[in-house]
Amino acid sequence: MEEQDLAAVSATCMASFSQSVADTLSEEGVSTFSKIAASSAFLERMKGDNLILVAEIDGKIEGVIELKEGRHVAMLFISPERQKEGTGRALLSSALNYAKVDIVTVSASLSSVPAYEKYGFECKGETGKSAGLVYQPMEIKLNKAMHATSA
C-alpha cells in the first residue's frame with residue numbers, strides 16, 4: 001500500500017464491513033471499526049511495523065490485508081462485488097510469506113469465520129468482545145518452508 005491508496009483502502013474496508021459485519025454489532029462496534037478503518041489510522045499503522053498489502057484489479061483497489069508485527073492478521077477486506085473470487089486467499093497467501101512466527105493469529109468477525117476456516121485457520125478459545133467489536137480468536141500453523149525466506 002502506498003499513501004495515495006489510503007482513501008481507496010479505507011473505502012473498500014468500510015464497504016465490505018457495512019455489508020457483512022456492521023448490522024451484527026452495536027453502535028459502539030461500528031464506531032470503533034470506523035476509526036480503525038479511517039485513512040489516518042491506516043497511515044499511522046503503515047508507518048509502524050504493520051505490513052499492508054492491496055489487491056488491485058483493473059487499476060482499482062479491491063482488497064486489503066494488514067499483517068501486524070508479522071504475526072497477526074489485523075485486517076482482511078475485499079470489495080463486496082469481488083468477494084468469493086480468490087482475492088482474499090491471494091492476499092492472505094502473500095501476507096503469510098512475511099510472517100515472522102510459526103503461528104499467525106486473527107480476531108475474526110463472526111461472519112468471516114467460515115472464510116478463515118477455508119483458508120486453514122482454526123478457532124482457538126471463546127468469542128471475545130472489545131470496544132463493541134465481537135470476534136472469534138483463530139490461528140493458522142505455518143510450515144517452516146512457507147515463511148523461511150522472511151525469517
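Let's start where two helices touch: Leu6, Ala7, Val9, Ser10 and Cys13 of helix H1 meet Ser39, Phe42 and Leu43 of helix H3. Sorted by character, the residues of this contact come out as six nonpolar, two polar and no charged. Please keep in mind as you look around that this is a predicted model.

How are such pairs described? Two packed helices are characterised by the angle between their axes and by the distance between those axes. For H1 (residues 6-20) and H3 (residues 39-46), the angle is about 115° and the axes are 9 Å apart. The two helices are therefore roughly perpendicular to each other, and H1 passes H3 in a right-handed crossing.

H1 has another partner, helix H2. The axes of H1 and H2 (residues 27-36) come within 10 Å and cross at roughly 160°. Because angles over 145 degrees count as roughly antiparallel, that makes H1 roughly antiparallel to H2. Here too, H1 passes its partner H2 in a right-handed crossing. If you would like to find the contact on screen, look for Cys13, Met14 and Phe17 on the H1 side, which meet Gly29, Val30, Phe33 and Ser34 on the H2 side. The residues of this contact divide into five nonpolar, two polar and no charged. Notice Cys13 along the way: this H1 residue takes part in the contact with H2 and also in the one with H3.

Now let's follow the chain into the strands. Strand S1 (residues 50-57) runs antiparallel to strand S2, and eight bridges join them. One place to see the pairing is Ile57, whose bridge partner in S2 is Lys60. The two strands form a hairpin with two residues between them, and in its turn Asp58 has a positive phi of about 50°.

S2 itself covers residues 60-68 and is mostly covered, with seven of its nine residues buried. Beyond S1, S2 has a further neighbour: S2 and strand S3 (residues 72-78) pair in the antiparallel sense over six bridges. Within this pairing, Ile65 stands opposite Leu76 in S3. S2 and S3 also form a hairpin, with three residues between the strands, where Glu69 takes a positive phi near 55°.

Lys68 is a good residue to pause on, since it is found in S2. Is Lys68 buried or partly exposed? At 34% relative accessibility, it counts as partly exposed. Leaving aside residues up to four places away in sequence, Lys68 touches Asp49, Asn50 and Ala74. Its C-alpha atom is separated by 9.8 Å from that of Val104, although the two residues are 36 residues apart along the chain.

Moving on to S3, six of its seven residues are buried, so this strand is largely enclosed by the rest of the structure. S3 pairs with strand S4 (residues 103-109) in the parallel sense, over two bridges. To locate this pairing, look for His72, whose bridge partner in S4 is Thr105. As you inspect the strands, it may help to remember that in a regular strand the side chains alternate between the two faces of the sheet.

Our last stop is strand S7, which spans residues 133-141 and includes Glu139. Why does Glu139 count as buried? Its relative accessibility is 17%, and buried means under 20%. Not counting residues up to four places away in sequence, Glu139 touches Ile103, Val104, Thr105, Gly120, Phe121, Glu122 and Lys124. Thr105, listed here as a contact of Glu139, is the residue that partners His72 in the pairing with S4.

Tyr135 lies in S7 as well. With a relative accessible area of 25%, Tyr135 is partly exposed. Which residues does Tyr135 touch, not counting residues up to four places away in sequence? They are Ser107, Ala108, Leu110, Thr127, Gly128, Lys129 and Ser130. Finally, Tyr135 and Ser109 are 26 residues apart in sequence, yet their C-alpha atoms are 4.6 Å apart in space.

How values were computed:
Residues are numbered from 1 along each chain as its sequence is written. This is a predicted model: local features need pLDDT of at least 70, side-chain atom pairs count only at pLDDT 80 or more; totals for chains, interfaces and linings use all residues. Side-chain values use heavy atoms; hydrogens and water are left out. Buried means under 20% relative accessible area, exposed over 50%, partly exposed in between (1.4 Å probe, protein chains only). Helices (H or I, at least four residues) and strands (E, at least two) are DSSP runs, numbered from the N terminus. Two strands pair if DSSP finds at least two bridges between them. Contact means heavy atoms within 4.5 Å. Axes are lines fitted to C-alpha atoms, for helices over the stretch in contact, and angles run from 0 to 180 degrees between N-to-C directions. Angles under 35 degrees count as roughly parallel, over 145 as roughly antiparallel, 65 to 115 as roughly perpendicular and the rest as oblique. A crossing is left-handed if the near helix is turned anticlockwise from the far one by less than a right angle, and right-handed if clockwise. Ala, Val, Leu, Ile, Met, Phe, Trp, Tyr, Cys and Pro count as nonpolar, Asp, Glu, Lys and Arg as charged, and the others, Gly among them, as polar.
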